[in-house]
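The following paragraphs lead through a single structure, from its overall fold to its links and its surface. Please keep the model open while reading.

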Amino acid sequence: MIHLIRVDPRLHSPMYFLLSQLSLMDLMYISTTVPKMAYNFLSGQKSITLLGCGVQSFFFVTMSCSEGLLLASMAYDRFVAICHPLHYPTRMSKTMCLKMIIGSWTLGSINSLAHTVYALHIPYCHSRSINHFFCDVPAMLPLACMDTWVYEYMIFVSTFVFLLFPFLGITTSYGRIIFAVFHMRSKEGKKKAFTTCSTHLTVVTFYYAPFTYTYLQPSSLRSPTEDKILAVFYTIFTPMLNPIIYSLRNKEVLGAMTRVFGTFSSSKS
């Protein structure tokens, strides 16, 4: 997806620039947990250094927060394109698109750095065995030898800000979009709008549902096994499925694949 959007001029629009960033985040997201998990499984050495745990936790939280903000930016992009098409060139200029991308990465990194530094400075005096397949901060808290209710509350607030606020923005945007689409006279326009929006909503649902269940519930109401099962969805399945969903359900992306890889095949022959 990143390569297609970079080399095909027809995909040089704000929607696809945002999509290329989503693909990059998904690539880094899955690279944060899966290689180490696979190594531990194949070698039988289920261990990680404190520094390695901090690095893994930092990138995981950065990607999760940044992706939530980026999905909200993508929803706003579709809202302006469908509900205010004449204002689209000014509201979604290259400068605005760049600000959205930089803002998503920056806010996600700052939030992640604060959580990671705090988690690494907590004194751990119980077992050093984390009941998870990666260094997830909530899974590390039961090992602490101090009361962590204040930090757990901060995790809740952080989840609310970086997940629920963007989700409310996405819901509002698509509520307005659905209302506008129903009043369209062109059947072709309706079909194109529904195809684009349904693709994005599919990705949003896969991303937000397990996160919301895991991080907005008190730890006493869920088990470590549930956390691990749900973590598989947002650390492996969702990043893996996103490029497939966007490529198979988007005619412009499929056309770009034909043009780019068709040209590549011809030049090789």
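Helices, as the word is used here, are DSSP runs of H or I with at least four residues, and they are numbered from the N terminus. The model is a predicted one, and with that definition its chain has ten helices and zero strands. Read from one end of the sequence to the other, the pattern is therefore α-α-α-α-α-α-α-α-α-α.

The overall dimensions can be taken next. Along the principal axes, the C-alpha atoms fill a box of roughly 65 × 50 × 30 Å. The chain's radius of gyration is 21 Å, which is close to the 18 Å that the globule rule gives for 269 residues, so the chain is as compact as a globular protein of that length. Of these 269 residues, 42% count as buried.

The cysteines offer a way into the covalent links. The structure has one disulfide, formed by Cys 53 and Cys 135, whose sulfur atoms are 2.1 Å apart. This disulfide links distant parts of the chain, since Cys 53 belongs to helix α3 (residues 50-83) whereas Cys 135 sits in the loop between α5 (94-120) and α6 (137-140), 82 residues apart. The link of Cys 53 and Cys 135 is left-handed, with -125 degrees about the S-S bond. Both partners are on the buried side of the cut-off: Cys 53 has a relative accessible area of 4%, and Cys 135 counts as buried at 3% relative accessibility.

Why does Cys 65 not form a bond with Cys 53? The sulfur of Cys 65 finds its closest cysteine sulfur in Cys 53, at 17 Å, which is too far for a bond, given that a disulfide requires sulfur atoms within 2.5 Å. Cys 65 is itself buried, at 8% relative accessibility, whereas Cys 145 is partly exposed, with a relative accessible area of 36%.

Charged side chains add further contacts, and the structure holds two salt bridges. In one of them the side chains of Arg 259 and Asp 8 meet at 3.0 Å, N to O. This pair, too, links distant parts of the chain, with Arg 259 in helix α10 (residues 251-268) and Asp 8 in the loop between α1 (2-7) and α2 (14-43), 251 residues apart. The two ends of the bridge fall into separate classes of accessibility, because Arg 259 is partly exposed with a relative accessible area of 28%, while Asp 8 is buried with a relative accessible area of 3%. In the other salt bridge, Asp 77 and Arg 78 meet through their side chains at 2.8 Å, N to O. Here Asp 77 is buried, with a relative accessible area of 0%, and Arg 78 also counts as buried, at 13% relative accessibility.

The aromatic side chains form another set of contacts. A pair of aromatic rings is described by the distance of the centres and the angle of the planes. The structure holds twelve aromatic pairs; among them, Phe 60 and Tyr 234 form a tilted pair, at 6.1 Å centre to centre and with 40 degrees between the planes. Because Phe 60 lies in helix α3 and Tyr 234 in helix α9 (residues 224-248), this pair ties together parts that are 174 residues apart in sequence. Phe 60 counts as buried at 3% relative accessibility, and Tyr 234 is buried as well, with a relative accessible area of 0%.

Another pair, that of Phe 233 and Phe 237, is edge-to-face, with 5.5 Å centre to centre and 80 degrees between the planes. Phe 233 and Phe 237 are separated by about one helical turn, because they are four residues apart in helix α9. Phe 233 is partly exposed, with a relative accessible area of 36%, and Phe 237 likewise counts as partly exposed, at 35% relative accessibility. Returning to Phe 60 and Tyr 234, these two residues belong to one aromatic cluster together with Tyr 29, Phe 133 and Phe 134.

The surface comes last. A nonpolar patch of about 900 Å² is made there by Trp 149, Val 150, Tyr 153, Met 154, Phe 156, Phe 160, Val 161, Phe 165 and Leu 168. One of these residues, Phe 160, has its place in helix α7 (residues 149-182). Phe 160 counts as partly exposed, at 33% relative accessibility, and it can therefore take part in the patch, for which a residue needs over 30% relative accessible area.

How values were computed: Residues are numbered from 1 along each chain as its sequence is written. This is a predicted model: local features need pLDDT of at least 70, side-chain atom pairs count only at pLDDT 80 or more; totals for chains, interfaces and linings use all residues. Side-chain values use heavy atoms; hydrogens and water are left out. Patches are made of residues with over 30% relative accessible area and no salt bridge: like charges are joined within 9 Å, nonpolar side chains (Val, Leu, Ile, Met, Phe, Trp, Tyr) within 5 Å. Accessible areas come from the Shrake-Rupley method with a 1.4 Å probe; for residues, only the protein chains shown count as cover. A salt bridge is a side-chain nitrogen of Lys or Arg within 4 Å of a carboxyl oxygen of Asp or Glu. Helices (H or I, at least four residues) and strands (E, at least two) are DSSP runs, numbered from the N terminus. Buried means under 20% relative accessible area, exposed over 50%, partly exposed in between (1.4 Å probe, protein chains only). Rings of Phe, Tyr and Trp (its six-membered ring) pair if their centres lie within 6.5 Å; planes under 30 degrees apart count as stacked, over 60 as edge-to-face and the rest as tilted. The radius of gyration is taken over C-alpha atoms; the globule rule is 2.2 Å times the number of residues to the power 0.38.
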